[in-house]
Amino acid sequence: MGLPGVRLTALAATAVLALTGCETVPFRSSGTPPSSVIGLGGATPYVDLPRSRTVQESTLIRTPLPSPGERADRAAAGSPDVYAATGPDMLAAAARRLPARLYVPHGTSVDVIDQRTLQPVGLIRTRSAVRQIVPSWDLKTLWVSAAQGLRPIDPRTGRIGRPVKMTGPYTLHFTPDGLSALVVAGRRLEFRDPSTMALRSTLELPCPATGAADFSAGGEFLVASCDHTGGTSGLIRVDWLGGKVTHTLTLRSHPQDVRLGPDGTVFYVADDDQVRVIDATRLTQVGTVGTAPGSSSLLPSRDGASLYVGGRNTVSVLSFATRALTHTWKVPTGSNLGGVSADGRTLWLYGPEQVLALSPSTGRPLHHLATPATHLTVYPQPGRYSLGQAFR
């Protein structure tokens, strides 16, 4: 499959190269991710390679693994655990002193709410409708994505920075080495400077991406879902270091959110009344888990053992170990998964009429805020760094 007009940035270095007419070839993994992905510091239980020289020492975020419990046992046994650094209160140095807030966009405004008191503490206004709010790779900045561009927020002070104008940014991601921001804009995947958001290069995609994506365990590729085109949709696998799409999977359904499993071997994809289980290497389906109708959002539990699945009016809990549902809870129609609190004690949801907090273990309602929301960002979050929609 040819990809005309592809312009490629050599992302593992500072030089920029341009390639056109790049042909897609099958991806052949050597079994070890590129060194530029490894220079992240902190606990890395699923890779064991030398630190990259492309990342400055001052940017490294070190967070220790938990000593008790199943996750430490798995790490001691040498088993992979993608979410080993995102356990309860495992905040990186850059996030430890940040106030616990809910960022609730609706229209051109964002309400800032204290997670403990549930009281409004700030209001952010934009010139266009807000789509989402995304933490930067180094966890120090929140980026507000709106129809006319991106705008940075300092989560410590609430100070708003200068807007970065661009056409149609839909979602924002960061490469695992922290050297590039990836902006999804329809059929374009834009590679940008993670600090200034200056455009470096553009990769043309074979289908309009929904913006939902997650990276592999080694970080060398990402898998993203695509919108309906001609009655079909599907998944794509992008080798972001090589600047090309290596695999596609066509589906006659509506795949949406994408999350990597804790052992790194499969991706989970929310798709209508099911969750698809996709082999991470071959991008082929290896199983399905039936869910309630309208499954669209996925969120790992704070202990890394389960996956929350947001449906039209339900939240289901899927066990990573058994790939079966353990619970299904009724929630107001139109609710979406927002995030799990840093301490793991609260599961936040949002919808057109309210923000709702549930117990992540029982589904029992804990709090209710009569605040309309088109998205929800729960911050700070545990992890060594942010991938935009996920943490590692």
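1. A friendly place to start is threonine 202, which sits in strand β13 (residues 199-204); strands here are DSSP runs of E with at least two residues, and they are numbered from the N terminus. Threonine 202 counts as buried because its relative accessibility is 9%, where buried means under 20% relative accessible area with a 1.4 Å probe and protein chains only. Its C-alpha atom is 4.5 Å from that of glutamate 190, although the two residues are 12 apart along the chain.

2. Please keep in mind that this is a predicted model, in which local features need pLDDT of at least 70 and side-chain atom pairs count only at pLDDT 80 or more, while totals for chains, interfaces and linings use all residues. Residues are numbered from 1 along each chain as its sequence is written, and side-chain values use heavy atoms, with hydrogens and water left out.

3. On confidence, the protein chain has an average pLDDT of 82, and 78% of the residues reach at least 70; pLDDT is the predictor's confidence in each residue, from 0 to 100. Residues 1-69 stay under 50, and the model has 149 contacts for them beyond four places in sequence, a contact being heavy atoms within 4.5 Å.

4. Next, have a look at strand β4 (residues 109-114), which is largely enclosed by the rest of the structure, because 6 of its 6 residues are buried. Ser109, Asp111 and Ile113 cover one side and Val110, Val112 and Asp114 the other, all of them buried.

5. Strand β4 has antiparallel links to β3 and β5. With β3 (residues 101-106) it pairs over 6 bridges, pairing being called when DSSP finds at least two bridges between two strands; arginine 101 has aspartate 114 as its bridge partner. The β3-β4 hairpin has 2 residues between its strands, and glycine 107 in the turn shows a positive phi of about 65 degrees. With β5 (residues 120-125), β4 shares 5 bridges, and valine 110 is partnered by isoleucine 124. In that hairpin 5 residues lie between the strands, with leucine 118 in the turn at a positive phi of about 60 degrees.

6. Strand β16 (residues 232-239) is also worth your time: 8 of its 8 residues are buried, so it is largely enclosed by the rest of the structure. One side carries Thr232, Gly234, Ile236 and Val238, and the other Ser233, Leu235, Arg237 and Asp239. Antiparallel to it runs β17 (residues 244-251), joined by 7 bridges, with aspartate 239 partnered by lysine 244. Their hairpin has 4 residues between the strands, and glycine 243 in the turn has a positive phi of about 75 degrees.

7. There is also an open sheet of 4 strands in the order β6-β7-β8-β9, paired antiparallel. β6 and β9 (164-165) are at the edges with a single partner strand each, so one side of each has no neighbour in the sheet. β8 (residues 149-153) and β9 are joined by 2 bridges, and leucine 150 has valine 164 as its partner in β9.

8. Finally, the largest pocket holds about 990 Å³ of space. Of its 42 lining residues, Gln132, Asp257, Leu337, His375 and Gln389 are the closest to its centre. A pocket here is an open set of points on a 1 Å grid over the protein atoms alone, where a 1.4 Å probe fits, with protein on both sides within 12 Å along at least five of seven lines; lining residues have an atom within 4 Å of a point.

Definitions and conventions
Points joined across faces, edges and corners; volume = space filled by probe spheres on them. Buried < 20%, exposed > 50% of the residue type's maximum accessible area, 1.4 Å probe, protein only.
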